[in-house]
Amino acid sequence: MNAWRAVLDAQVWISAAINSAGPARKIVDAAAAGAFRIVTSPYVHAEVREVFSRPAVRRFLVPRFDEAAWLDFVEVTAADVVEEAVGPPVVPADPDDDPYLWTAYVGAATHVVTRDAQVLAVKHFHGAQVVDPSTFLRILRVT
Amino acid sequence: MNRITTLDLRAHMGELLDRVRLRFESFVVERKGREVAAIIPAERLRRLEDFARRRAAELQALQDEHVREKGYDAAEMERAIAEAARDVKTKRKARKK
């Protein structure tokens, strides 16, 4: 069993679903192949569903694409869903990002993968390294 | 589905695992009336995971074909995703106020 465990932010999840050319798809494919475990939570799941529902994203989706089912199937295959995670403020500029970091803490994640500059600025949180998707992909390939 | 407590699990672990292995039974383990785990045959778990993996791949293939047919630009899609994520945050902040 691989020791890597990573929280993926909503942008990474959505990008994996719709953009086959981006690093996010390679990351989720690597998780499905057993290279690491995705750590997620009801908060992350709900945020991914909400971003999926936005017209800016929907216009790229094929009408028959069932994003809720896709999310469930990936979670069954490659993710550990931890209980709702809350704690003291971490990202002062945007407390809405805190649940990602607390999910990493509760789920003993080794990485938080995000495109959000404010979350990336945290760099480390209780043993989890905060990295962008390309960096995480490099880490997966190196190890 | 059979329901057992953590006490049952401790007291009858060998018997329960035999029932899972030989009779393909499944058990939901409860602690203080709350479901905490399930014991199912390993083969059944593998089949469930294989099914989920295939279905996820099929949905992705469907979506990928759509993107190719429409000629969507990858950078444009990434910008739209970032915009949607910002929109979700902005609306959530507005709801809190």
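What percentage of the contacts in chain A between residues at least 6 apart in sequence join residues at least 24 apart? The share is 62%. Two residues are in contact here if their C-beta atoms, placed from the backbone, lie within 7 Å. The structure is a predicted model, in which local features need pLDDT of at least 70, side-chain atom pairs count only at pLDDT 80 or more, and totals for chains, interfaces and linings use all residues. Residues are numbered from 1 along each chain as its sequence is written, and chains are lettered from A and ligands numbered from 1 in the order in which they are written.

Chain A has 8 helices and 6 strands. Both kinds of element are DSSP runs, numbered from the N terminus; helices are H or I with at least four residues, strands are E with at least two. From the N terminus on, the order is β-α-α-β-α-α-α-β-α-β-α-β-β-α. The C-alpha atoms of chain A fill a box of roughly 40 × 35 × 25 Å, taken along the principal axes. The radius of gyration of chain A is 14 Å, which agrees with the value near 15 Å for a compact globule of 143 residues. That radius is taken over C-alpha atoms, and the globule rule is 2.2 Å times the number of residues to the power 0.38. Buried residues make up 45% of the 143 residues in chain A. A residue is buried if 20 or more other C-beta atoms lie within 10 Å of its own, exposed if 12 or fewer, and partly exposed in between, with C-beta atoms placed from the backbone.

The strands of chain A form an open sheet. It has 6 strands in the order 3-2-1-4-6-5, and the pairing is mixed. Strand 3 (79-81) and strand 5 (124-125) of chain A are the edge strands, and each pairs on one side only. Two strands pair if DSSP finds at least two bridges between them. Strand 4 (residues 111-113) and strand 6 (residues 128-131) of chain A pair in the parallel sense over 3 bridges. Across this pair, H111(A) has Q129(A) as its bridge partner, and V112(A) stands opposite V130(A). On strand 5 of chain A, 2 bridges lead to strand 6, and these two strands run antiparallel. Here H124(A) stands opposite Q129(A). The hairpin of strands 5 and 6 of chain A has 2 residues between the strands, and H126(A) takes a positive phi near 45° in it. Strand 6 of chain A has two faces: A128(A) and V130(A) form the covered one, Q129(A) and V131(A) the uncovered one.

Helix 6 (residues 98-106) of chain A is mostly covered, with 7 of its 9 residues buried. The buried residues are D98(A), P99(A), Y100(A), L101(A), W102(A), T103(A) and A104(A). T103(A) counts as buried because it has 25 C-beta neighbours inside 10 Å. Leaving aside residues up to four places away in sequence, T103(A) touches V7(A), V39(A), T40(A), S41(A), Y43(A), V44(A), V82(A) and A85(A). V39(A) lies 64 residues from T103(A) along the chain, yet their C-alpha atoms are separated by 7.4 Å. A108(A) follows helix 6 of chain A and has a positive phi, near 50°.

Chain B is divided into domain 1 (2-40) and domain 2 (44-96). These bounds come from an automatic or database domain assignment. The centres of the two domains of chain B, taken over C-alpha atoms, are 37 Å apart. Chain B has an open sheet of 3 strands in the order 1-2-3, with mixed pairing. Its edge strands are strand 1 (2-5) and strand 3 (34-39) of chain B, each paired on one side only. Strand 2 (residues 27-31) of chain B runs antiparallel to strand 3, and 5 bridges join them. One of the residues in this pairing is V28(B), whose bridge partner in strand 3 is A38(B).

The two chains touch. The contact takes 27 residues from chain B and 31 residues from chain A. On the side of chain B, helix 3 (42-70) and helix 4 (74-96) are the elements that give two or more residues. By class, this side of chain B has 15 nonpolar, 3 polar and 9 charged residues. Ala, Val, Leu, Ile, Met, Phe, Trp, Tyr, Cys and Pro count as nonpolar, Asp, Glu, Lys and Arg as charged, and the others, Gly among them, as polar.
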